[in-house]
Amino acid sequence: MSQNKLMTGIVVGAAVGALVSLLDRNTREDVVDKSKRASDNAKYYASNKDELKSAFKEQAERAQNLYARISEDAAYVGGKVEQVRKLVPEVKEVAQDARGAVMETKEAVVESKDDVLSAVKEDNPSPSSSLTDDSSSDNSNNSNNSNNSYNQNRN
């Protein structure tokens with residue numbers, strides 16, 4: 001019973017809405033114009049059934065072609081997504097390998113620096129070595145002494 005009332009209400013509401021919208025002159029003219037065109041098209045296709053069939057076939061072919069293109073595009077995109085899924089672990093592994101190589105290189109550079117510093121200290125144990133940390137004040141003194149002896153020799 002409530003189903004009937006619902007459908008009745010919908011139909012009555014649509015009818016009232018249509019009548020209210022027809023109070024506007026532009027709406028009335030538009031409805032009349034479209035109704036005439038629809039009537040003319042119906043009459044034309046009623047007398048030219050073959051043309052109606054060919055128009056339907058053409059629209060059906062267009063829909064099939066569109067569906068085929070969309071299916072191909074979806075398959076292509078799906079394939080690319082699958083390729084990316086397969087590549088992600090490989091890329092992650094390559095990135096981890098590269099990180100490991102960078103860390104190994106860093107450690108090798110630090111070891112080389114330490115080896116160079118220790119070799120310089122063994123070869124030149126004087127405090128004037130430019131590679132040691134406390135050499136800045138000694139170097140300035142040595143530079144002054146060298147300049148003084150140079151100036152004395154020139155005179």
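This passage describes the fold, the surface patches and the aromatic pairing of the protein shown above, which is a predicted model.

The secondary structure is helical: 4 helices and 0 strands are assigned, and the order along the sequence reads α-α-α-α. Few of the residues are covered, since buried positions account for 2% of the 155 residues. The exposed surface comes to about 13700 Å², with carbon and sulfur atoms supplying 56% of that area.

Two kinds of surface patch can be picked out, and helices H1 and H3 are good places to start looking. A nonpolar patch of about 380 Å² is built from Val12, Val16, Val20 and Leu23. One of these residues, valine 16, sits in helix H1, which spans residues 2-21. Its relative accessibility is 46%, and valine 16 is therefore classed as partly exposed, given that this class lies between 20% and 50%. A negative patch, in turn, is made up of Glu104, Glu107, Glu111, Asp114 and Asp115. Of this group, glutamate 111 belongs to helix H3, which covers residues 49-123.

Turning to the aromatic side chains, a search of the whole structure returns 1 aromatic pair. The partners are tyrosine 44 and tyrosine 45, whose ring centres lie 5.3 Å apart; their planes meet at 75°, so the arrangement is edge-to-face, the cut-off for that class being an angle over 60 degrees. As for solvent access, tyrosine 44 has a relative accessibility of 35% and so counts as partly exposed. Tyrosine 45, with a relative accessible area of 28%, is partly exposed as well.

Key. Residues are numbered from 1 along each chain as its sequence is written. This is a predicted model: local features need pLDDT of at least 70, side-chain atom pairs count only at pLDDT 80 or more; totals for chains, interfaces and linings use all residues. Side-chain values use heavy atoms; hydrogens and water are left out. Patches are made of residues with over 30% relative accessible area and no salt bridge: like charges are joined within 9 Å, nonpolar side chains (Val, Leu, Ile, Met, Phe, Trp, Tyr) within 5 Å. Accessible areas come from the Shrake-Rupley method with a 1.4 Å probe; for residues, only the protein chains shown count as cover. A salt bridge is a side-chain nitrogen of Lys or Arg within 4 Å of a carboxyl oxygen of Asp or Glu. Lys and Arg count as positive and Asp and Glu as negative; His and the chain ends are not counted. The place of a charge is taken as NZ of Lys, CZ of Arg, CG of Asp or CD of Glu. Helices (H or I, at least four residues) and strands (E, at least two) are DSSP runs, numbered from the N terminus. Buried means under 20% relative accessible area, exposed over 50%, partly exposed in between (1.4 Å probe, protein chains only). Rings of Phe, Tyr and Trp (its six-membered ring) pair if their centres lie within 6.5 Å; planes under 30 degrees apart count as stacked, over 60 as edge-to-face and the rest as tilted.
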